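Let's take a walk through this structure together. Please have the sequence and the 3D view open side by side.

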Amino acid sequence: LLDEPYSGLSPIYADKINKLITGNSCDKGIIITDHNYQYLLDIATKIFLIKDGYGRFLNNKNELIANGYLSEGMI
C-alpha cells in the first residue's frame with residue numbers, strides 16, 4: 001500500500017518510482033492512493049474511484065471525466 005508516493009517529488013523521481021512499482025507488480029499486488037493522477041494513470045492496471053462516499057471500478061481513465069472527478073481536457 002503506497003499512500004501518496006509522488007508527493008513532493010520531481011518528475012524524474014516520480015518516473016523512477018513508477019519503474020520500481022512496475023517492476024515489482026509482477027510479483028506483488030500494489031495499491032496506490034494519490035491526488036497526482038497523471039503518474040497513477042501511466043501505470044495503473046485497474047482504477048477505483050471513491051467519490052461522495054461511494055466507490056466504483058472504472059473501465060478506463062475517460063470515466064474519471066464522466067464521473068465528475070476530472071474536467072474535460074485534463075487527461
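What follows goes from the overall fold to a hairpin, then to a surface patch and two unusual backbone angles.

Keep in mind as you look that this is a predicted model. The protein chain holds three helices and four strands, and along the sequence these come in the pattern β-α-β-α-β-β-α. Its C-alpha trace spans about 30 × 25 × 20 Å along the principal axes. Of the 75 residues, 21% count as buried. The chain exposes about 5700 Å², with carbon and sulfur atoms supplying 53% of that area. As for how the sequence folds back on itself, take the contacts with a separation of 6 or more: residues 24 or more positions apart account for 38% of them.

Now turn to the two strands that follow one another in the pattern. Strand 3 (residues 47-51) and strand 4 (residues 54-58) run antiparallel and are joined by five bridges. One pair to pick out is Ile 47, whose bridge partner in strand 4 is Leu 58. Two residues sit between the strands of this hairpin, and here Asp 52 takes a positive phi near 55 degrees. How accessible is Asp 52? Its relative accessible area is 66%, so Asp 52 is exposed, being over the 50% cut-off.

Why is a positive phi worth a second look? Most residues other than glycine have a negative phi. Asp 52 is not a glycine, yet its phi is positive. Glu 4 is another such case, with a phi near 50 degrees. Where Asp 52 lies in the loop between strand 3 and strand 4, Glu 4 lies in the loop between strand 1 and helix 1. Glu 4 counts as partly exposed because its relative accessibility is 32%, which falls between the 20% and 50% limits.

The loop that holds Glu 4 also leads us to the surface patch, since Leu 9 lies in the loop between strand 1 (2-3) and helix 1 (11-24). Which residues join Leu 9 in a nonpolar patch? They are Ile 12 and Tyr 13, and together the three have about 310 Å² of accessible area. Leu 9 is partly exposed at a relative accessible area of 33%, so it passes the 30% that a patch residue must exceed. Ile 12 is found in helix 1 and counts as exposed, at 58% relative accessibility.

To link the patch back to the hairpin, look from Ile 12 to Lys 51: they are 39 residues apart along the chain, and their C-alpha atoms are separated by 30 Å.

Conventions
Residues numbered from 1 in each chain as written. Predicted model: local features only at pLDDT ≥ 70, side-chain atom pairs only at ≥ 80, totals over all residues. Heavy atoms only, no water. Patch = residues over 30% accessible without salt bridge, like charges linked within 9 Å, V, L, I, M, F, W, Y side chains within 5 Å. Areas by Shrake-Rupley, 256 points an atom, 1.4 Å probe, with all protein chains shown as cover. Salt bridge = Lys/Arg side-chain N within 4 Å of Asp/Glu carboxyl O. Buried < 20%, exposed > 50% of the residue type's maximum accessible area, 1.4 Å probe, protein only. Pairing = 2+ DSSP bridges. Contact = heavy atoms within 4.5 Å.
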